[in-house]
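Please open the model in your viewer and keep the selection panel at hand. The stops below move from the whole chain to single residues.

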Amino acid sequence: MFEDTNPLIWQLKVQAYSYELLADFISGIEKVGHWEKGNSKLRSADIKKVMEIESQYFNPLTSLPNIGMVAREAGMSLSKFKKCFKEIYGTPPYVYHLNQKLEVQAISA
């Protein structure tokens, strides 16, 4: 990831990566706050299930399992899972996973 030997460039890359992680964290907090205020039609149990599935299966370094199987594991129909996922993360599951992979590639480039 940080194979450059120039200390200044290495430090800037680490700093940029840290800011990106912080921005993602803040974005996640804003999403959770949105549901806590009651602005969402999603049930808190559904939100929790989808977030657990995301943390378990959406790893940019592995392939994404079948969405139908993931939806069944969450106890939802495929359409409900996709709808909940999109409301929580802003994109459909496959697009979200592809964006994760692209981010990892961009960081390691």
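About how many Å² does the chain expose, and what share of it do carbon and sulfur atoms supply? With the whole chain shown as a surface, you are looking at a predicted model that exposes about 7400 Å², of which carbon and sulfur atoms supply 60%. Of the 109 residues of the chain, 27% count as buried.

Switch next to a cartoon and follow the chain along its sequence: five helices and zero strands appear, in the pattern α-α-α-α-α. Among the contacts in the chain with a separation of 6 or more, 56% are accounted for by residues 24 or more positions apart.

Now select Val50, Ile53, Phe58, Phe81 and Phe85, which are the residues with the most contacts inside the largest nonpolar core, a set of 18 residues. Colouring helix H2 (44–57), helix H3 (67–73) and helix H4 (78–89) shows the elements that each supply at least two residues of this core, and H4 gives the most to it, with five residues.

Stay with this core and centre the view on Phe81, setting aside residues up to four places away in sequence: the residues that Phe81 touches are Val50, Ile53, Ile67, Val70, Ala71, Ala74, Met76 and Pro93.

For the last stop, select His97 in helix H5 (residues 93–108). Is His97 buried or exposed? Because its relative accessible area is 4%, His97 counts as buried, the cut-off being under 20%. Again leaving out residues up to four places away in sequence, display what His97 touches, namely Phe58, Asn59, Pro60, Thr62, Ser63 and Leu64; Phe58 was also part of the core selection made earlier.

Technical notes. Residues numbered from 1 in each chain as written. Predicted model: local features only at pLDDT ≥ 70, side-chain atom pairs only at ≥ 80, totals over all residues. Heavy atoms only, no water. Core = buried A, V, L, I, M, F, W, Y, C linked by side-chain atoms within 4.5 Å. Buried < 20%, exposed > 50% of the residue type's maximum accessible area, 1.4 Å probe, protein only. Helix = DSSP H or I, 4+ residues; strand = E, 2+ residues; numbered from the N terminus. Contact = heavy atoms within 4.5 Å. Areas by Shrake-Rupley, 256 points an atom, 1.4 Å probe, with all protein chains shown as cover.
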